[in-house]
Amino acid sequence: RYERQKILMATGEILASRGYSPTLEERGADRAEVSEAVRLLVERSIVLREGARRGIEVSFAALEEEVRRYRADFPAGGLEKALLQVGMSEEEWRERLKKSILYRRSAEAIASSLVSVTPREVEEAYLKEGRTADRPERIRVRQFLFESAEQAVDARNRLLREGGLGGRSPDGQGVDLGFFSREERPPELPRGLFDMQPGEVSEPVFLEDSVCLFRVEEREAARPQTLETEGERIRGSLLSGRREAAFRRWLSGACVAATVRVRADLLEKLIEGKK
């Protein structure tokens, strides 16, 4: 049973790298795929073990919040249909999602402990940018997806009638698209969004395979760019680049130091496509 579990774990990594294939038997894994899957499993195990040592956990509430965010990307029942198409149960998907959150949080905790940014470095980066123009007006937008125009129209009426439902649509929370200026507006978003006030909802917008509503959540007026207004953004940008590099160095060293035993017979079973 233990050996079968290990084979299935590596098989899952291979299928994920292929972008989901119904069964591995359709094309047996080659040695390069097996080697890459094993490398990923080793790295993930090392990061999760370090996360556990640091006390990183995922609460039930945090998992449910992530589940709601994923559901918001699909029309009603769409997530279940997608899972059915790839042959995965919702329980298995939730477990994988939980491990994904654990890995992300563990990696963030590791990286954050390795780097820092001083106020002087923030100031130097700000001066190097040499910005003098005002930051343009920006809006934060939330997107809601529906399977039909009728559903979208009904949801829009309820959103407007009930005053926005406290950030929720009748079919979920929607997807927070973040802040953007007129110049940064994604092309699929209607131009009229910048004429709307917070809480207003767009008319239905037809995309390739869905119908969308867009609601303006917040507006930020244009303002001068100073070290005080841009400092946090610059600090975050500096930290982001440093964290990635520091984490990769840490992971490389941790992998070298780790003791890993590989069962050659199990790898051969993967390559041959045996169960």
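Here are some questions and answers about helix packing and salt bridges in this predicted model.

Reader: How are helices α3 and α5 oriented, roughly parallel or roughly perpendicular?
Author: Helix α3 covers residues 60-72 and helix α5 covers residues 90-112. They pack with their axes 10 Å apart, at an angle of about 110°. Angles of 65 to 115 degrees count as roughly perpendicular. Therefore α3 and α5 are roughly perpendicular.

Reader: Which hand does the crossing of α3 and α5 have, left or right?
Author: Happy to take that one. On the α3 side, the contact includes Ala 62, Leu 63, Val 67 and Tyr 70, while α5 brings Trp 93, Leu 97 and Ile 101 among others. The crossing of these two helices is right-handed.

Reader: How many charged residues are in the contact of α3 with α5?
Author: Among the contact residues are Glu 64, Glu 66 and Arg 71 of α3, and Glu 90, Arg 94 and Lys 98 of α5. By class, the contact has seven nonpolar residues and no polar ones. The charged residues number eight.

Reader: Which residue of α3 meets the side chain of Arg 94 in a salt bridge?
Author: Arg 94 lies in helix α5, and its partner is 30 residues apart in helix α3, so the pair links distant parts of the chain. The N to O distance is 2.5 Å. Arg 94 is partly exposed, at 22% relative accessible area, whereas its partner counts as buried at 17%. That partner is Glu 64.

Reader: Is Arg 215, which forms a salt bridge with Glu 217, buried or exposed?
Author: The closest N and O atoms of Arg 215 and Glu 217 are 2.6 Å apart. Glu 217 is buried, with a relative accessible area of 18%. Buried means under 20%, and Arg 215 has 3% relative accessibility, so Arg 215 counts as buried.

Reader: Where do Glu 230 and Arg 233 lie?
Author: Their side chains meet in a salt bridge of 2.8 Å, N to O. Glu 230 counts as buried at 1% relative accessibility, while Arg 233 is partly exposed at 31%. The two are three residues apart, about one turn of the helix, and both lie in helix α8.

Reader: How many salt bridges does the structure hold?
Author: The pairs discussed here include Arg 94 with Glu 64 and Arg 215 with Glu 217. Another is Glu 230 with Arg 233. For the structure, the number of salt bridges is 22.

How values were computed:
Residues numbered from 1 in each chain as written. Predicted model: local features only at pLDDT ≥ 70, side-chain atom pairs only at ≥ 80, totals over all residues. Heavy atoms only, no water. Axes fitted to C-alpha atoms, helices over the stretch in contact; angles between N-to-C directions. Helix = DSSP H or I, 4+ residues; strand = E, 2+ residues; numbered from the N terminus. Parallel < 35°, antiparallel > 145°, perpendicular 65-115°, else oblique. Left-handed = near helix turned anticlockwise from the far one by under 90°. Contact = heavy atoms within 4.5 Å. Nonpolar A, V, L, I, M, F, W, Y, C, P; charged D, E, K, R; others polar. Salt bridge = Lys/Arg side-chain N within 4 Å of Asp/Glu carboxyl O. Buried < 20%, exposed > 50% of the residue type's maximum accessible area, 1.4 Å probe, protein only.
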